[in-house]
Amino acid sequence: HMVDLPPLDLQQLRVSLAESFRLHCGETLCVASEINGGGKSHFILEEVANRQRDGEPIWYRKVPIREGSSHESLVHLMTQANINLSKSTGNAPGEPNHLAFHIDIAHIIPPAANTMLFQLLLIGVLRDPIKNRVYFRNSADLFYLEIPNSIRNKTVKALRFCNLLPHTILE
């Protein structure tokens, strides 16, 4: 049997991914700004602070993605954030934790940035092929991705996967 399955257009794909994140993956938001110094970090910190003020037991962790970042370094940083949270809250390592990750993406990204973000955010499993370590995304965790400004928006264009995610653009 032949079934005609044309690809989704960009808007349909964004809506479908937003619904997938809402139902299955966990809250994820890309934050961009029209200008440098437009308040992206402040917006993310304020979002987390407002949720904490409203009584949500949430912990903030900032994780950088730089030119030298790899699966290995990202798995290490994400795992370390969970271990540190377990120590500070007294929870056992296997107990569910509630973290707000501020993924601070630099102007120059590693070649595997789209793959790492796809695996971490949508699949929910990030694997370090060097040391065979794995980080599993907790669907209760929040992910805020700070998208940097760059000349002619080169970084935004290079982060193709982030263009499909739910986002807000600060003016």
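What follows walks through the overall fold, the nonpolar cores and a few individual residues of this predicted model.

Starting with the big picture, the protein has five helices and seven strands. Along the sequence these run in the order α-β-α-β-α-β-α-β-β-β-α-β. The radius of gyration comes out at 17 Å, close to the 16 Å that the globule rule gives for 171 residues, so the protein is as compact as a globular protein of that length. In terms of extent, the C-alpha trace spans about 50 × 45 × 35 Å along its principal axes. Buried residues make up 40% of the 171. As for the outside, about 9900 Å² is exposed, and carbon and sulfur atoms supply 57% of that area. Contacts reach well along the chain: among those with a separation of 6 or more, 75% link residues 24 or more positions apart.

Next, the inside. The largest nonpolar core counts 31 residues, and Phe101, Ile105, Leu117, Leu121 and Leu145 are the ones with the most contacts inside it. At least two residues of this core come from each of α1 (10-25), β1 (28-33), β2 (59-65), α3 (71-89), β3 (99-105), α4 (113-123) and β6 (142-146). The top contributor is α4, which gives five residues. A second core, separate from this one, has 10 residues, including Leu29, Phe43, Ile58 and Leu142. Back in the largest core, isoleucine 105 makes a good example of how the pieces meet. Once neighbours within four places in sequence are set aside, isoleucine 105 is in contact with Ile65, Arg66, Leu117, Leu145, Glu146, Ile147, Pro148 and Leu159. Two of those partners, Leu117 and Leu145, are themselves listed with the most contacts inside the core.

Helix α1 has Leu17, Phe21 and Cys25 buried. These three cover an arc of only 45° around the axis, which puts them on the same side of α1. The cover over the buried residues of α1 includes β1 and α4. At the N-terminal end, aspartate 9 caps α1, with a side-chain oxygen 3.1 Å from the backbone nitrogen of glutamine 11. Just past the helix, glycine 26 takes a positive phi of about 115°.

In α4, the buried set is Ala113, Asn114, Met116, Leu117, Leu120 and Leu121. Viewed down the axis of α4, the buried residues fall within an arc of 160°, so they line one face of the helix. Alanine 113, which lies in α4, has a relative accessibility of 2% and therefore counts as buried. Its C-alpha atom sits 14 Å from that of aspartate 128, which is 15 residues away along the chain. Here too a glycine follows: just after α4, glycine 124 takes a positive phi of about 90°.

Finally, threonine 79 belongs to helix α3. Its relative accessibility is 17%, and because the cut-off for buried is under 20%, threonine 79 counts as buried. A polar atom of its side chain lies 2.7 Å from the backbone oxygen of valine 75. Leaving out residues up to four places away in sequence, threonine 79 touches Arg133 and Tyr135.

Note on methods. Residues are numbered from 1 along each chain as its sequence is written. This is a predicted model: local features need pLDDT of at least 70, side-chain atom pairs count only at pLDDT 80 or more; totals for chains, interfaces and linings use all residues. Side-chain values use heavy atoms; hydrogens and water are left out. A nonpolar core is a set of buried Ala, Val, Leu, Ile, Met, Phe, Trp, Tyr and Cys residues joined through side-chain atoms within 4.5 Å. Buried means under 20% relative accessible area, exposed over 50%, partly exposed in between (1.4 Å probe, protein chains only). Helices (H or I, at least four residues) and strands (E, at least two) are DSSP runs, numbered from the N terminus. Contact means heavy atoms within 4.5 Å. The arc is that of the directions from the helix axis to the C-beta atoms. A polar contact is a pair of N or O atoms within 3.5 Å; within protein, one must be able to donate a hydrogen and the other to accept it, and residues adjacent in sequence count only if both atoms are side-chain atoms. The radius of gyration is taken over C-alpha atoms; the globule rule is 2.2 Å times the number of residues to the power 0.38. Accessible areas come from the Shrake-Rupley method with a 1.4 Å probe; for residues, only the protein chains shown count as cover.
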